[in-house]
Amino acid sequence: MSGWLAIAGLGPGTDTLVTPEVTAALADATDVVGYIPYVARVAPRAGLVLHASDNRVELDRAAHALKMAAAGRRVVVVSSGDPGVFAMASAVFEAVEAGSAAWRELDIRILPGITAMLAAAARAGAPLGHDFCAINLSDNLKPWALIEKRLRLAVEADFAMAFYNPRSKARPEGFARALDVLRDACSDDRPVIFARAVSTPEEALRVVPLTEAIPEMADMQTVVILGSSLTRIIPRTGAPIVYTPRFAPE
């Protein structure tokens, strides 16, 4: 087969955080497939077809990309951040597993990107400097009971936590429930970082104690990072530095 499929991460927002590997793949592509705002980040050019679609048709989008690659097209499926973190890489492989046997023989490449939690952590300092986990707070593809279980177990394990998709317009109550669980499970007032639209002109960063965190501080463009019990704040003029030491006491 002459076609190929690359699943690429466009980073958190600014073009300066798109890797050279992704830029090269886009330059060689015949087709770009993805969610509408992500495809809009790819500059049109002669010989390139842009296929933008809604956010809730991931498997259809993946199948469309695979069919084009099998037909000899050079296809890039775009995600924001890293395609393997709550994004399109998993959806493409779901489609591969359920689809045509020929799809398994395609040249499929995963091109990593800078995911939002890493960009947010870098802006704040180093809150993910020790063991951490990432949890998607959307209950669109998993039950709320599982989200609550994972939140409580992550607190018990004393992870720093990065939260994706904290508060959607369709389910604004979810993040309020998550904050209630975290306040109940934590025995301290560890810092919470609200990092919105990092690396874009709309970037905003706020650091508050857990007891002062409210749902309205987050939306779907926000990554929320909750420190562990060891996470520290260094006060200074302007935004403080938040970091988690590399060690843990015995």
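This report walks through the fold, core, strands, cysteines and a few single residues of a predicted model.

## Ground rules

Numbering starts at 1 along each chain as its sequence is written, and side-chain values use heavy atoms, with hydrogens and water left out. Since this is a predicted model, local features need pLDDT of at least 70 and side-chain atom pairs count only at pLDDT 80 or more, while totals for chains, interfaces and linings use all residues.

## Overall build

The protein has 7 helices and 13 strands. Both are DSSP runs numbered from the N terminus: helices are H or I with at least four residues, strands are E with at least two. The C-alpha trace spans about 55 × 40 × 40 Å along its principal axes. The radius of gyration is 20 Å, which agrees with the value near 18 Å for a compact globule of 250 residues. (That radius is taken over C-alpha atoms, and the globule rule is 2.2 Å times the number of residues to the power 0.38.)

Of the 250 residues, 43% are buried. Here buried means under 20% relative accessible area, exposed means over 50%, and partly exposed sits in between, with a 1.4 Å probe and protein chains only. The protein exposes about 12,500 Å², and carbon and sulfur atoms supply 54% of that; the areas come from the Shrake-Rupley method with a 1.4 Å probe, and for residues only the protein chains shown count as cover. Now for contacts, meaning heavy atoms within 4.5 Å. Among those with a separation of 6 or more, 68% are between residues 24 or more positions apart.

## Two nonpolar cores

In soluble globular proteins, nonpolar side chains tend to be buried together. A nonpolar core here is a set of buried Ala, Val, Leu, Ile, Met, Phe, Trp, Tyr and Cys residues joined through side-chain atoms within 4.5 Å. The largest one holds 25 residues, and Leu151, Met161, Phe163 and Phe194 touch the most other members. The elements giving it two or more residues are β7 (132–136), α6 (144–156), β8 (160–164), α7 (173–185), β9 (191–196) and β11 (222–226). Apart from it lies another core, of 19 residues, including Ala62, Leu66, Ala91 and Trp103.

Want a single residue to click on? Try Met161: leaving out residues up to four places away in sequence, it touches Cys133, Ile135, Leu151, Ala154, Val155, Leu182, Val224, Ile225 and Leu226.

## Strands worth a look

Strand β2 (residues 31–35) has 4 of its 5 residues buried, so it is largely enclosed by the rest of the structure. Two strands count as paired if DSSP finds at least two bridges between them. β2 pairs with β3 (residues 49–53) in the parallel sense over 5 bridges, and Tyr35 stands opposite Ser53 in β3. β2 also runs parallel to β4 (residues 74–79), joined by 4 bridges; there, Gly34 stands opposite Val78.

Elsewhere, 3 strands make an open sheet with mixed pairing, in the order β6-β13-β12. β6 (125–126) and β12 (232–234) are at the edges with a single partner strand each, so one side of each has no neighbour in the sheet. β12 and β13 (residues 241–243) are antiparallel and joined by 3 bridges, with Arg232 opposite Tyr243 in β13.

## Cysteines

There are 0 disulfides, a disulfide being a pair of cysteine sulfur atoms within 2.5 Å. For Cys133, the closest cysteine sulfur is 11 Å away in Cys186, too far for a bond. Cys133 is buried at 17% relative accessibility, and Cys186 is buried too, at 9%.

## Loop residues to check

Thr115 is in the loop between β5 (107–111) and α5 (116–124). At 5% relative accessibility it counts as buried, and it touches Gly81, Asp82, Val85 and Tyr164, not counting residues up to four places away in sequence.

Two non-glycine residues have a positive phi. Asp158, with phi of about 60 degrees, is in the loop between α6 and β8 and is partly exposed at 26% relative accessibility. Ala197, with phi near 50 degrees, lies in the loop between β9 and β10 (204–209) and is buried at 8%.
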